[in-house]
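Please open the model in your viewer and keep the selection panel at hand, since this tour goes from one selection to the next and says what is found at each stop.

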Amino acid sequence: MHWYVDVLKKYAVFSGRARRQEYWMFFLFNLIITIVLAIVDGALDTQVLQLVYSLAVLIPGLAVAVRRLHDTGRSGWWILISLIPLVGFIILLVFLASEGKPEANEYGPNPKYAPAV
């Protein structure tokens, strides 16, 4: 759960790097919360909860994705490749799932080896 909270604490931090675990744990918790809210919204015959939650985590989700791309040595602008139908999403998924660069890069030191604060 701390992975989810850590991403929310860095609400709009687009600089630095994010490990795979940080990104995918945030994604997993987002998915679980969205499913639960969809069930609740279905029972209440509304979509308000899901919409409010989606808007609340939009910026942190983009920020962690950009930091994840930084970890692989790519610019955050690569997130726009997802706008290309089908192929763009697959390419972005491969980028987000790939191992980060072990050495420090222009976006900072490797978070895997950085001391915990």
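Begin by selecting Pro111 together with its surroundings: leaving aside neighbours within four places in sequence, Pro111 is in contact with Arg17, Ala18, Arg19 and Asp71, where contact means heavy atoms within 4.5 Å. This is a predicted model, in which local features need pLDDT of at least 70 and side-chain atom pairs count only at pLDDT 80 or more, while totals for chains, interfaces and linings use all residues. Residues are numbered from 1 along each chain as its sequence is written, and side-chain values use heavy atoms, with hydrogens and water left out.

**Pro111 and the segment after H5**

Pro111 sits in the segment after H5; helices here are DSSP runs of H or I with at least four residues, strands are runs of E with at least two, and both are numbered from the N terminus. With a relative accessible area of 23%, Pro111 is partly exposed, on a scale where buried means under 20%, exposed over 50% and partly exposed in between, for a 1.4 Å probe and protein chains only. If you add Gly100 to the selection, the C-alpha to C-alpha distance to Pro111 is 9.2 Å, across a sequence separation of eleven residues.

**Asn110**

Move next to Asn110, which also lies in the segment after H5, and which counts as buried because its relative accessibility is 9%. Show the polar contacts of its side chain, a polar contact being a pair of N or O atoms within 3.5 Å in which, within protein, one must be able to donate a hydrogen and the other to accept it, and residues adjacent in sequence count only if both atoms are side-chain atoms. The side chain of Asn110 reaches the backbone nitrogen of Lys112 at 2.9 Å, and a polar atom of that side chain lies 3.2 Å from the backbone oxygen of Pro102. Not counting residues up to four places away in sequence, Asn110 touches Arg17, Asp71, Lys101, Pro102 and Ala104.

**Arg17**

Arg17 was listed among the contacts of Pro111 and among those of Asn110, and it makes a natural next selection. Which loop holds Arg17? Arg17 is found in the loop between helix H1 (2-9) and H2, and at 7% relative accessibility it counts as buried. The side chains of Arg17 and Asp71 are joined by a polar contact of 2.8 Å, while a polar atom of the Arg17 side chain lies 2.9 Å from the backbone oxygen of Gly108.

**Helices H4 and H5**

Now select helix H4 (residues 58-71) and helix H5 (residues 87-97), and bear in mind that two packed helices are described by the angle between their axes and the distance between the axes. The axes of H4 and H5 come within 8 Å and cross at roughly 70°, with axes taken as lines fitted to C-alpha atoms, for helices over the stretch in contact, and with angles running from 0 to 180 degrees between N-to-C directions. H4 and H5 are therefore roughly perpendicular to each other, the term for angles of 65 to 115 degrees, whereas under 35 counts as roughly parallel, over 145 as roughly antiparallel and the rest as oblique. The contact is made by Ala65, Arg68 and Leu69 of H4 and by Leu92, Phe95 and Leu96 of H5. These residues divide into five nonpolar, no polar and one charged, with Ala, Val, Leu, Ile, Met, Phe, Trp, Tyr, Cys and Pro counted as nonpolar, Asp, Glu, Lys and Arg as charged, and the others, Gly among them, as polar.

In the loop between H4 and H5, select Leu86, whose phi is near 60°, a positive value in a residue other than glycine. Leu86 is exposed, with a relative accessible area of 66%.

**Helices H2 and H3**

Go on to helix H2 (residues 20-44) and helix H3 (residues 48-56), whose axes come within 7 Å and cross at roughly 155°, which makes H2 roughly antiparallel to H3. On the H2 side the contact is made by Asn30, Ile33, Thr34, Leu37, Ala38, Val40, Asp41 and Leu44, and on the H3 side by Val48, Leu49, Gln50 and Tyr53. By class, the contact of H2 with H3 has eight nonpolar, three polar and one charged residues.

Asp45 is found in the loop between H2 and H3; its phi is near 55°, a positive value in a residue other than glycine, and its relative accessible area of 72% makes Asp45 exposed.

**The whole chain**

Finally, zoom out to the chain, which has five helices and zero strands. Its C-alpha trace spans about 50 × 35 × 20 Å along its principal axes, and buried residues make up 30% of its 117 residues.
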